[in-house]
Amino acid sequence: MVAKLPVGGETTTCSGMAWGFNPYLTEADQFTGSYVAVVESVARLVAAGFKRQDMYLTFQEYFESLRGDAKRWGKPTAAVLGALMAQVDLGIGSIGGKDSMSGSFEQLDVPPTLVSFATAVGKVGRVTSPEFKGAGHRVALVAPRCYDAEGIAPAAEDALAAMDAVQELIGNGAALAVCTPGYGCMAESLFKMCVGNRIGVALDDSIAVDDLFAPAYGSFIVELAPSANMPTVSNLVEIGPIGETTADYVFHAAGETLDLANLQEVWENGIASVFPY
């Protein structure tokens with residue numbers, strides 16, 4: 001979310017906040033899940049047009065009742081250590097939060113939960129939204145080059161370099177839309193970028209199906225302005241075009257073409273009984 005500060009008269013100063021959390025990953029591995037939650041929240045706020053150097057964090061934690069059980073104590077311990085390591089690696093501190101160790105009722109326990117929220121103050125002119133803005137524009141991927149052995153958590157220096165490249169693109173007006181993949185991977189991000197303005201995308205043949213469904217934390221999908229130039233980056237970052245937006249409302253990838261209107265209908269119908277449209 002982004003909101004102008006409530007002051008008398010007109011202002012160009014705004015606050016922003018973004019969250020990060022993968023419940024499935026954090027249930028399986030509390031350390032990595034919490035580390036990635038921090039990375040995701042910071043990346044999302046960078047994608048919204050805010051500078052990582054201006055950010056702070058706040059955490060929302062929720063765990064089962066500990067009951068003197070070493071295994072139960074181990075879950076919040078691992079989660080907090082993972083979040084702390086991410087703060088050290090990214091150079092961003094957590095200045096608030098809420099903790100609860102009472103998520104149990106009889107034999108039911110909540111899954112281990114550490115949601116990271118990144119927040120910052122910035123300028124309205126830098127605010128960037130994720131939906132594609134027009135057809136015929138290049139779509140680029142900016143990604144950390146190295147990840148951990150499981151391919152989930154990005155190397156810290158690589159992630160910071162990727163964020164700085166995106167901040168440069170946003171700052172010089174080269175980025176029309178920016179999105180960072182979460183646990184839905186690139187497939188979800190590209191789909192939602194299309195839905196916003198009903199603009200399609202055609203990906204290069206070099207993008208395989210597996211690429212679309214692989215974790216890509218700390219990476220960014222960017223719709224480039226027609227005259228945009230790629231920033232100069234170090235060997236810590238992979239950057240380059242992966243496709244182009246299209247006037248046809250379709251998702252073309254790996255030799256297949258999907259009708260986005262049908263996909264959007266299926267997607268929106270999932271909650272139509274609760275939020276009719």
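**Figure 1. One face of helix H3 is buried.** The buried residues of H3 are Arg72, Pro76, Ala79, Gly82, Ala83, Ala86, Gln87 and Leu90. Viewed along the helix axis, these buried residues fall within an arc of 140 degrees, so they line one face of H3. Helpful background here: an α-helix has 3.6 residues a turn, so residues three or four places apart point the same way. On the other side of H3, the exposed residues are Ala70, Lys71 and Val88. As in every panel that follows, what you see is a predicted model.

**Figure 2. The length of H3 and what sits at its ends.** Helix H3 covers residues 70-90, and its 21 residues should span 30 Å at 1.5 Å a residue. The C-alpha atoms at the two ends are 30 Å apart, which agrees with that expectation. Which residue caps the N-terminal end of H3? Look for aspartate 69, where a side-chain oxygen lies 2.8 Å from the backbone nitrogen of lysine 71. After H3 comes glycine 91, with a positive phi near 70 degrees.

**Figure 3. The whole protein, for orientation.** Let us step back before the next close-ups. The protein contains seven helices and 14 strands. Along the principal axes, its C-alpha atoms fill a box of roughly 60 × 45 × 40 Å. A compact globule of 277 residues would have a radius of gyration near 19 Å, and the protein has 20 Å, which agrees. Buried residues account for 46% of the 277 residues. Among contacts in the protein with a separation of 6 or more, 81% come from residues 24 or more positions apart.

**Figure 4. Serine 219, a buried loop residue.** Serine 219 is found in the loop between helix H6 (209-212) and strand S11 (220-224). Is this serine buried or exposed? Its relative accessibility is 1%, so serine 219 counts as buried, the cut-off being under 20%. A polar atom of the serine 219 side chain lies 2.5 Å from the backbone oxygen of alanine 216. Setting aside neighbours within four places in sequence, serine 219 is in contact with Leu141, Val142, Ala143, Pro144, Tyr147, Cys179, Thr180 and Pro181.

**Figure 5. Leucine 141 and the residues around it.** Now we centre the view on one of the contacts of serine 219, leucine 141. Leucine 141 belongs to strand S8, residues 138-144. Not counting residues up to four places away in sequence, leucine 141 touches Met186, Ser219, Phe220, Ile221, Glu238, Ile239, Gly240 and Ile242. For a sense of scale, try aspartate 248: leucine 141 and this residue are 107 residues apart in sequence and 22 Å apart in space, C-alpha to C-alpha.

**Figure 6. Strand S10 and its partners S12 and S13.** Strand S10 (residues 200-203) runs antiparallel to strand S12 (residues 237-246), and four bridges join them. In this pairing, valine 201 stands opposite threonine 245 of S12. S10 also pairs with strand S13 (residues 250-253), in the parallel sense and over two bridges. There, alanine 202 stands opposite histidine 252 of S13. Ahead of S10, in the loop that follows helix H5 (185-195), is arginine 198. Its phi is near 55 degrees, a positive value in a residue other than glycine. Arginine 198 has a relative accessible area of 46%, and is therefore partly exposed.

**Figure 7. The hairpin of S13 and S14.** S13 also runs antiparallel to strand S14 (residues 256-259), to which four bridges join it. Alanine 253 stands opposite glutamate 256 of S14. How many residues lie between the strands of this hairpin? There are two, and alanine 254 takes a positive phi near 50 degrees in the hairpin.

**Figure 8. Two exposed glutamates in loops.** The first view shows glutamate 10, in the loop between strand S1 (2-4) and strand S2 (13-20). Its relative accessibility of 65% is why glutamate 10 counts as exposed. The side chain of glutamate 10 makes a polar contact with that of lysine 4, at 2.5 Å. The other view shows glutamate 106, in the loop between strand S5 (104-105) and strand S6 (108-109). With 59% relative accessibility, glutamate 106 counts as exposed. Phi of glutamate 106 is near 50 degrees, a positive value in a residue other than glycine.

Note on methods:
Residues numbered from 1 in each chain as written. Predicted model: local features only at pLDDT ≥ 70, side-chain atom pairs only at ≥ 80, totals over all residues. Heavy atoms only, no water. Buried < 20%, exposed > 50% of the residue type's maximum accessible area, 1.4 Å probe, protein only. Polar contact = N/O pair within 3.5 Å; in protein donor to acceptor, adjacent residues only side chain to side chain. Contact = heavy atoms within 4.5 Å. Expected span 1.5 Å × (residues − 1). Arc of directions from axis to C-beta. Pairing = 2+ DSSP bridges. Rg over C-alpha atoms; globule rule 2.2 N^0.38 Å.
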